[in-house]
Amino acid sequence: MPPERTSICETCSQKFKSRGLAAHQKACRRDAIRMQEDLERQNARAASRAHTELLNPQSRPILHQSQQPGASQGFHAAPAACEPTFDDSEYVHLDELGGLSNDHVLPPAIQQDDIRTEYHPRSGIPTKTDHFADFRCHTAAPSLVSENTTPWEPFSSRIDFDFAELILKANLTKLQTNELIGLIRRAALERFSVTDYDGICKLWDAASSRHAKFKKEVISVPHRDQEHNFDVWYRPLWDWACDLLKDPRLGPHFVFDAQRLYKFDGQDFVRFFDEPWTANAFWNSQSSLPKDEGKPFAFIIYADKAKLSSFGRQKAYPVIARCVNLPVGIRNGEGFGGGRLVGWLPIVEEDKQYSGTQSFVNFKNVVWHESFKCLLKSIALLSKTGCWVTCWDNIKRLFYPLILILSADYEEQCVMALIRGTKCKCPCPVCLVPREELGNVLTSYPLRTSASMQATIAEARSFSRQEDKEKLLKSRGLRDVDNAFSDVAHTDVHSAVSFDRLHVNNEGNFSDHLWTQFQERIKSVGRQIQSKIDLHFDSMPRWRNINHFNHVMDISFSDGSKYEDISKLIVFAAHDVIDRGTHALPYLLLRCIREYVNIDMYAALEVHTSETIAAGRLAIMEFTQLLDRYSAKDDSGKNWAYPKRHAYAHLFDDIELKGATRNTNTKPNEKCHGPIRRIYLRRTNFKNIAEQVLRLDHRFLIAHSIRLDIEDYDDLIASRKDPSYLNSADNDEHLDNDLDTTFHVKLGAAQNEQTFAALEQEHANDNAFNRFRIKLADFLSDSLPAHGIPLPGGKRIKFMPDETVTEHRFVKVNFESIVDWRTTTDYLRCSPSFHNFPRYDCVILQTQAGVIFGRLLMLFTCVVDGQTHPVALVHPYDAPVGQRSLKDKHFQFWRVRQRPRISSEFFSVHSIIRGAALVEDHSIPGDYLVIDTIDTDMFLRMKVMHKSAGHVE
């Protein structure tokens with residue numbers, strides 16, 4: 001056998017076998033580009049910080065100390081409302097560094113924003129400290145994909161697979177498929193061997209063994225001396241896990257060891273949390289494993305009923321699994337490493353004779369847990385003994401499967417934890433808070449544990465009298481049912497039950513409580529107030545990823561994202577309509593909503609530090625105090641002590657345990673209901689649907705897997721034909737242009753060239769364009785030399801009326817988020833007609849005096865001495881606003897005031913830090929309020945600006 005050929009990667013100069021070189025080089029090239037960008041950004045930060053301190057340490061707010069607009073400076077400050085006390089365990093002080101072990105790897109000198117990574121002791125990896133530019137959160141090594149020259153098998157040819165995949169995606173019926181095959185076979189030039197629909201089905205069946213298939217079991221559960229049988233469909237969890245572990249594309253992204261991450265703020269290393277393995281529960285799980293070499297393989301399990309038919313008569317009970325050990329971008333995505341349908345639970349039909357009785361409710365819970373035992377069966381024993389798996393890199397690893405996160409609404413949480421629900425004595429699945437104390441969020445109560453609850457059930461079962469048994473169980477809110485999760489070691493169901501932002505906040509505290517109460521209050525005030533609020537909603541600036549509403553006061557939604565967006569905007573739409581003196585109670589309720597939004601924004605942060613967690617806890621305290629004041633005056637009879645309000649007692653503890661809430665949110669899982677619903681509506685006969693839906697779901701998985709193999713094959717062939725293929729970004733299908741981080745600002749939507757004379761004539765009635773040509777020449781004459789660009793001939797610039805500019809109506813702005821320190825992109829418009837509406841977005845600008853807000857009036861490029869310069873005409877909103885009003889303090893507004901339109905100025909587009917949404921304050925002409933809730937970055941930026949301005953809320 002001839003020796004296998006090797007090649008050298010042009011980027012890292014390492015030797016690799018020809019097999020897999022294509023995939024490696026593409027990934028390696030991307031990583032090299034990103035590392036270089038990080039290095040340049042870090043150098044810019046350091047230079048900017050030194051330059052600012054030399055000139056004037058107090059010259060600008062802390063948020064904008066970088067010469068690179070939008071770069072973050074360390075970090076997350078708590079709100080100015082108070083100085084919270086932090087737990088010292090979350091900090092590593094400089095004077096402690098000398099006591100670190102010799103294994104601790106330090107950079108040459110500690111700098112601002114350096115990252116310290118402390119690995120779990122059982123990992124055998126020493127603690128290390130990296131400069132920010134060298135640190136890559138969860139960056140995977142390049143994957144080596146095995147070479148497969150026939151990735152479409154068992155299909156006989158690529159065109160056969162392409163055709164079968166199209167039929168699957170298009171949801172064609174058997175008759176439609178056969179008709180289409182007949183037409184293709186009459187005109188086919190390439191070998192096409194598919195003969196009919198049944199042939200395609202046989203090929204899918206032949207390919208189904210590529211990944212773990214669904215199995216069916218029948219469980220029998222007694223009720224009232226009668227046995228009831230139920231079908232349970234499940235994909236063995238461990239088989240699915242092994243599919244992931246053996247996949248060469250996913251393999252390098254896995255993280256098996258717990259970590260504690262710290263960021264240096266100039267004085268201390270401050271801990272931060274994002275992925276589950278950076279939080280405490282993963283660390284504790286690894287500590288609990290019986291063998292040092294064992295690694296936790298952790299699951300996220302989601303279960304909830306889904307309506308399949310329009311009127312909800314047909315329902316399904318899918319179970320979705322995700323892998324904790326994969327990064328959130330993969331785990332919450334829709335690819336091979338994303339959420340996977342692993343179970344289909346039976347739904348017990350209501351019995352008119354027994355429905356609502358304790359025995360029937362217990363019967364339904366038994367059916368649920370007996371069904372779940374089938375799903376967990378493949379990991380139950382392995383969670384105790386461990387399992388050696390040969391992974392994608394041919395290395396054997398010992399894994400202990402466990403369930404770290406249960407993602408579910410409150411109703412499902414009660415079933416999972418086997419508590420009796422909202423009306424029981426202890427209705428929280430996490431702690432033993434009495435029902436009457438649910439509104440007391442600031443008091444801690446004993447936590448439930450699986451061991452203590454099982455001990456209570458065992459004690460109750462030992463009683464001979466049914467009354468004594470029920471009394472003990474009711475005192476803890478428990479049901480006399482065996483919990484399926486107790487079969488899985490290193491899993492505590494009460495700890496695994498997690499804060500669900502979608503149902504607790506968007507479809508809970510806001511939609512069902514605060515918002516409905518607000519609608520009722522405004523309705524009682526009068527129709528005129530309602531109409532004004534609706535009008536203000538309609539006039540809200542349009543913003544990407546924020547729903548725009550024409551009216552909201554008299555309608556309800558079933559979509560949590562709609563309620564989320566209403567909550568973000570309602571304070572800005574209603575503050576100048578509701579008078580504090582005349583409408584005291586609605587005004588107080590609006591303040592409660594503002595504090596609720598603060599909690600929701602803190603909960604939504606993608607990365608948490610000790611400071612943001614402390615600030616979030618403070619927001620809960622302020623919300624609780626305001627809501628208590630409101631409920632004391634509320635005469636509607638509403639009960640404000642309910643389980644979803646109490647969930648705030650565990651919110652930030654849950655973040656410290658499991659990382660950011662996007663790890664536990666049900667929103668990504670509920671998206672999985674859509675494909676299931678489409679299969680039901682388009683591909684089933686509406687009878688015995690489970691088998692039909694699951695068969696097609698598995699075919700979609702197989703099709704996706706084969707398609708990935710074909711893409712790898714195409715890359716390999718292309719690289720052999722043209723070695724430069726890998727160095728061409730245009731040919732890289734995996735690079736999304738929207739995620740291009742190689743620029744700060746990029747203009748788009750170019751218009752035809754226009755002369756200065758024509759431009760000034762077109763805007764003759766607009767003072768902002770007064771003396772446009774002369775002002776632009778003066779701006780460039782001053783700006784270019786300041787940036788080291790010599791003036792043509794050493795003379796000030798003068799434009800002739802017949803010289804031209806090119807208008808642009810779109811700009812993409814890359815900036816570094818101060819939440820997770822990653823590149824984020826704003827898509828801004830400056831157009832007289834965007835989707836039939838004029839849209840001139842606002843921006844934050846970096847000036848020599850500091851940061852200001854302004855509105856884009858025109859984006860354009862002009863040519864000076866052969867060089868093109870991108871410029872923005874901006875209406876500055878930096879006029880003095882006077883003393884801060886009580887209302888601004890109550891609602892934490894950042895107020896800006898526009899200058900006269902004739903005061904519009906030119907700025908280099910590179911001065912734009914990021915976009916901003918500003919809404920007019922209709923009570924004060926010319927005043928605008930910054931909408932700080934459009935995203936988490938803007939929320940934290942404004943908190944820092946409030947603190948820098950000395951605002952004490």
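Student: Where along the chain is Pro154 found in this predicted model?
Tutor: Let's place Pro154 by its flanking elements in the predicted model. Pro154 sits at the end of a cis peptide bond that starts at Glu153, with omega near 15°. Most peptide bonds are trans. As for the place, Pro154 is in the loop between strand S5 (128-130) and helix H2 (158-170).

Student: Which residue in the loop between S15 and S16 has a positive phi, and is that residue buried or exposed?
Tutor: Most residues other than glycine have a negative phi. In the loop between S15 and S16 you'll find Asn394, with phi near 65°. Its relative accessible area is 67%, and the cut-off for exposed is over 50%. So the residue is Asn394, and Asn394 is exposed.

Student: What about Gln892, is that one buried or exposed?
Tutor: Gln892 also isn't a glycine, and its phi is positive, about 55°. You'll find Gln892 in the loop between helix H26 (886-891) and strand S25 (895-897). Its relative accessibility is 6%, and buried means under 20%. So Gln892 counts as buried.

Student: Which strands stand at the edges of the sheet of 7 strands?
Tutor: Read off the order of this open sheet, S6-S7-S14-S13-S10-S16-S15, where the pairing is mixed. Neighbouring strands are turned by 35° against each other on average, direction ignored. An edge strand here has a single partner strand, so one of its sides is left without a neighbour in the sheet. That description fits strand S6 (215-223) and strand S15 (387-390).

Student: Which residue in S16 stands opposite Ile300?
Tutor: Look at the pair S10 (residues 295-303) and S16 (residues 396-407). These two strands run parallel and are joined by 8 bridges. Opposite Ile300, in S16, stands Ile405.

Student: Which strands are at the edges of the sheet of 3 strands?
Tutor: This open sheet has the order S25-S29-S28, with antiparallel pairing. The edge strands each pair on one side only, and they are S25 and strand S28 (918-920).

Student: What is the bridge partner of Arg895 in S29?
Tutor: S25 and strand S29 (residues 927-930) run antiparallel, with 3 bridges joining them. Arg895 has its bridge partner in S29. That partner is Leu929.

Student: Which backbone oxygen does the side chain of Lys644 reach?
Tutor: Start with the setting: Lys644 lies in helix H19 (residues 643-646) and is buried, with a relative accessible area of 17%. Leaving out residues up to four places away in sequence, Lys644 touches Asp409, Tyr410, His503, Val504, Glu507, Gly508 and Asn509. From there, its side chain reaches a backbone oxygen at 3.2 Å, and that oxygen belongs to His503.

Student: How many Å apart in space are Val504 and Ala647, C-alpha to C-alpha?
Tutor: Val504 is in helix H14 (residues 501-525) and counts as buried at 9% relative accessibility. Beyond its neighbours within four places in sequence, Val504 is in contact with Phe499, Asn509, Lys644, Ala647 and Tyr648. Val504 and Ala647 are 143 residues apart in sequence, yet their C-alpha atoms are separated by 7.3 Å.

Student: Why are H6 and H20 called oblique to each other?
Tutor: The axes of helix H6 (residues 280-288) and helix H20 (residues 648-658) come within 4 Å. Where they meet, Asn280, Ala281 and Phe282 in H6 face Glu656, Leu657 and Lys658 in H20 as contact partners. Angles under 35 degrees count as roughly parallel and 65 to 115 as roughly perpendicular. H6 and H20 are therefore oblique, given a crossing angle of roughly 50°.

Student: Which residues does Gln530 touch, not counting those up to four places away in sequence?
Tutor: Gln530 lies in helix H15 (residues 527-538). At 13% relative accessibility, Gln530 counts as buried. Its contacts beyond that sequence window are Ile522, Lys523 and Met553.

Student: Zooming out, what percentage of contacts in the chain join residues at least 24 apart?
Tutor: The chain has 27 helices and 29 strands, and of its 953 residues, 56% count as buried. The accessible surface comes to about 42,100 Å², with 49% of that belonging to carbon and sulfur atoms. For your figure, take the contacts between residues at least 6 apart in sequence: the share joining residues at least 24 apart is 69%.

Notes: Residues numbered from 1 in each chain as written. Predicted model: local features only at pLDDT ≥ 70, side-chain atom pairs only at ≥ 80, totals over all residues. Heavy atoms only, no water. Pairing = 2+ DSSP bridges. Axes fitted to C-alpha atoms, helices over the stretch in contact; angles between N-to-C directions. Buried < 20%, exposed > 50% of the residue type's maximum accessible area, 1.4 Å probe, protein only. Contact = heavy atoms within 4.5 Å. Areas by Shrake-Rupley, 256 points an atom, 1.4 Å probe, with all protein chains shown as cover. Polar contact = N/O pair within 3.5 Å; in protein donor to acceptor, adjacent residues only side chain to side chain. Parallel < 35°, antiparallel > 145°, perpendicular 65-115°, else oblique.
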